[in-house]
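Biologist: Hi, I'm new to this one. Could you walk me through it?

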Amino acid sequence: MTPPIDILALSPLPDTLAPSLAGRYATHIGLDDAPCDRVRALVGGGAMQVDAALLARLPALEIVVIHGVGHDGVDQAALAARGIRLAITAGTLTEDVADLAIGLWLAVERRIVANDREVRGGGWDVPLARRATGRRIGIFGLGAIGRAIAARAAPFAADLIYTARSPKDVPWRFVADLTTLAAESDVLFLAAAAGRETHHAVDAAVLAALGRDGILVNVARGALVDQDALIAALAEGRIAGAGLDVFADEPTVPAALHRDDVVLSPHQGSATVAARGAMAAMVVANLDAHFAGDRPPGLID
C-alpha cells in the first residue's frame with residue numbers, strides 16, 4: 001500500500017478544512033513535528049509567510065495551496081526558482097467578501113452599529129445619519145471582488161468609477177490614479193491585491209482627496225492603508241468614517257479606531273458557512289489535481 005502524501009500546515013487548520021484532508025493526506029501541523037524531507041505540499045491561509053528560508057527546509061515541496069485568495073506573503077520568485085506551484089481558492093469567496101463590503105459601508109453611513117450600542121445602553125436620541133443612495137462610489141481594484149462590489153453598489157450610485165492597472169470592459173468609468181479616484185468619490189472601496197505597488201497606497205494625500213464627507217471601506221488587506229494616516233484623518237474630521245475588515249497588524253486593532261464613525265470586523269470577508277465549505281473543497285481539489293498530474297483549478301501561473 002502506498003503511504004499517504006505528507007502535507008504541512010504551519011498553523012492549525014480551520015475546522016471546515018481539517019476533516020476534508022483527513023484520510024486523504026498525512027497532515028502535519030507545524031514544522032517541529034513534520035517530516036520536512038518528505039513534505040510535498042504546504043497548506044495555509046492568506047496570512048501565511050513563505051520565503052526562501054522556509055523552502056530550504058522543505059526539499060521535496062511541490063505545491064503551496066492557499067486557503068483563500070490573498071498570497072502577498074508568498075515569495076513567488078523563490079517558488080518559481082524551485083518549480084513549486086502556487087494555487088489559491090479562486091472564486092469561492094468573491095460574493096461573501098463583496099456582501100460584507102456593502103454591509104460595512106451601509107453600517108457606517110446609517111450609524112447601525114453606533115445606534116445599536118446606544119439603544120442597548122438605554123438611549124434613544126442619536127445623531128442624524130447619512131443617505132447612502134446617490135453617493136459617488138469609487139473602487140480601487142477591479143478583479144473579481146472589485147467587480148462584485150461594483151455590481152452591488154451600482155444601484156445606489158450617482159456615479160461609479162474605478163482605478164485598476166488598465167481599463168476593463170465594464171459599464172463603469174475608469175480613472176487612471178488613486179488620488180483622482182478618491183477626489184471624485186464619496187465612498188472609496190479597497191479591493192486591490194496587496195504588494196509593493198499597493199503598500200500604503202491610501203496615504204494622507206489620498207485621504208485628503210477623499211475629503212470630509214468621504215467614507216473608506218477596506219476588505220482587501222490592511223497593508224493598502226497607512227493606518228496612522230487613517231487614524232489622524234478620522235480624529236481630525238478629515239474623512240467622515242471607515243468600515244474596516246482588515247488591519248495593519250492583525251489581530252491588533254488600535255484603540256484609536258474604536259469610534260462611532262468606524263465599523264470594525266475581524267477579517268471576516270470569507271467567513272460564511274457556504275464560502276468556507278467551498279474553500280475547503282477547492283483546497284482538496286487543488287491538491288488532488290496536482291498529485292494526479294493535472295492542472296490545479298486555482299493555479300497561479
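**A first tour of the model**

Modeller: Happy to. One thing to keep in mind is that this is a predicted model. A good place to begin is strand S1, residues 6-9, and strand S2, residues 26-29: they run parallel and are joined by four bridges.

Biologist: Which residue in S2 is the bridge partner of Asp-6?

Modeller: That is Ala-26.

Biologist: And how many bridges join S1 to strand S3?

Modeller: Three, and S1 and S3 (residues 41-45) run parallel. In that pairing, Ile-7 sits opposite Ala-41 of S3.

Biologist: What about the two faces of S1, are they covered or open?

Modeller: Both are covered. Asp-6 and Leu-8 on one side are buried, and so are Ile-7 and Ala-9 on the other.

Biologist: Okay, new topic. In what order do the seven strands of the open sheet come?

Modeller: The order is S8-S7-S6-S9-S10-S11-S12, with parallel pairing. At the edges are S8 (173-174) and S12, each of which pairs on one side only.

Biologist: How many bridges join S11 to S12?

Modeller: Three bridges join them, and the two strands run parallel. One residue to look for is Leu-244, whose bridge partner in S12 is Leu-264.

Biologist: Let's go inside. Which residues touch the most other members of the largest nonpolar core?

Modeller: The core has 32 residues, and the ones with the most such neighbours are Trp-105, Ile-137, Ile-139, Ile-149, Phe-189 and Val-217. Several elements supply at least two residues each: helices H4 (94-109) and H6 (144-153), plus strands S6 (135-140), S7 (157-163), S9 (187-190) and S10 (215-218).

Biologist: Which of them gives the largest share?

Modeller: H4 does, with eight residues. As background, nonpolar side chains tend to be buried together in soluble globular proteins.

Biologist: Can you zoom in on Val-217? What does Val-217 touch?

Modeller: Leaving out residues up to four places away in sequence, Val-217 touches Ala-101, Leu-104, Trp-105, Val-187, Leu-188, Phe-189, Leu-190 and Gly-243. There is also a second, separate core of 29 residues, which includes Ala-192, Val-206, Ala-220 and Val-225.

Biologist: Now for empty space. How many cavities of 30 Å³ or more does the structure hold?

Modeller: One. The volume of the largest cavity is about 50 Å³.

Biologist: What lines the largest cavity?

Modeller: Its lining is made of Asn-218, Gly-222, Val-225, Gln-227, Leu-230, Leu-244, Val-246, Phe-247, Ala-248 and Leu-257. Seven of the lining residues are nonpolar, three are polar and none are charged. Two of these names have come up already: Val-225 belongs to the second core, and Leu-244 is the residue bridged to Leu-264.

Biologist: And the second largest pocket, what is its volume?

Modeller: About 150 Å³. The residues lining this pocket are Val-108, Glu-109, Arg-111, Pro-127, Leu-128, Ala-129, Arg-130, Ile-215, Ala-240, Asp-260 and Asp-261. The lining divides into six nonpolar, five charged and no polar residues.

Biologist: Arg-111 is on that list. Where is Arg-111 found?

Modeller: In the loop between H4 and H5. Its phi is near 55°, a positive value in a residue other than glycine.

Biologist: Does Arg-111 count as buried or exposed, and why?

Modeller: Arg-111 counts as buried because its relative accessibility is 16%, and the cut-off for buried is under 20%.

Biologist: What about His-267, what is its phi?

Modeller: Phi of His-267 is near 50°, again positive in a residue other than glycine. His-267 lies in the loop between S12 and helix H10 (273-291). At 30% relative accessibility, His-267 counts as partly exposed.

Biologist: Which peptide bond is cis?

Modeller: The one from Glu-250 to Pro-251, with omega near 5°. Pro-251 sits in the loop between S11 (241-244) and S12 (262-264). For context, most peptide bonds are trans, and most residues other than glycine have a negative phi.

Biologist: One last stop. Where is Ala-114 found?

Modeller: Ala-114 is in helix H5, residues 112-120. Ala-114 counts as buried because its relative accessibility is 7%. Its C-alpha atom is 32 Å from that of Gly-143, a residue 29 places away along the chain.

Notes. Residues are numbered from 1 along each chain as its sequence is written. This is a predicted model: local features need pLDDT of at least 70, side-chain atom pairs count only at pLDDT 80 or more; totals for chains, interfaces and linings use all residues. Side-chain values use heavy atoms; hydrogens and water are left out. On a 1 Å grid over the protein atoms alone, a cavity is a set of points where a 1.4 Å probe fits but cannot get out, and a pocket is an open set with protein on both sides within 12 Å along at least five of seven lines; lining residues have an atom within 4 Å of a point. Grid points are joined across faces, edges and corners, and a volume is the space filled by probe spheres set on the points. Ala, Val, Leu, Ile, Met, Phe, Trp, Tyr, Cys and Pro count as nonpolar, Asp, Glu, Lys and Arg as charged, and the others, Gly among them, as polar. Buried means under 20% relative accessible area, exposed over 50%, partly exposed in between (1.4 Å probe, protein chains only). Two strands pair if DSSP finds at least two bridges between them. A nonpolar core is a set of buried Ala, Val, Leu, Ile, Met, Phe, Trp, Tyr and Cys residues joined through side-chain atoms within 4.5 Å. Contact means heavy atoms within 4.5 Å.
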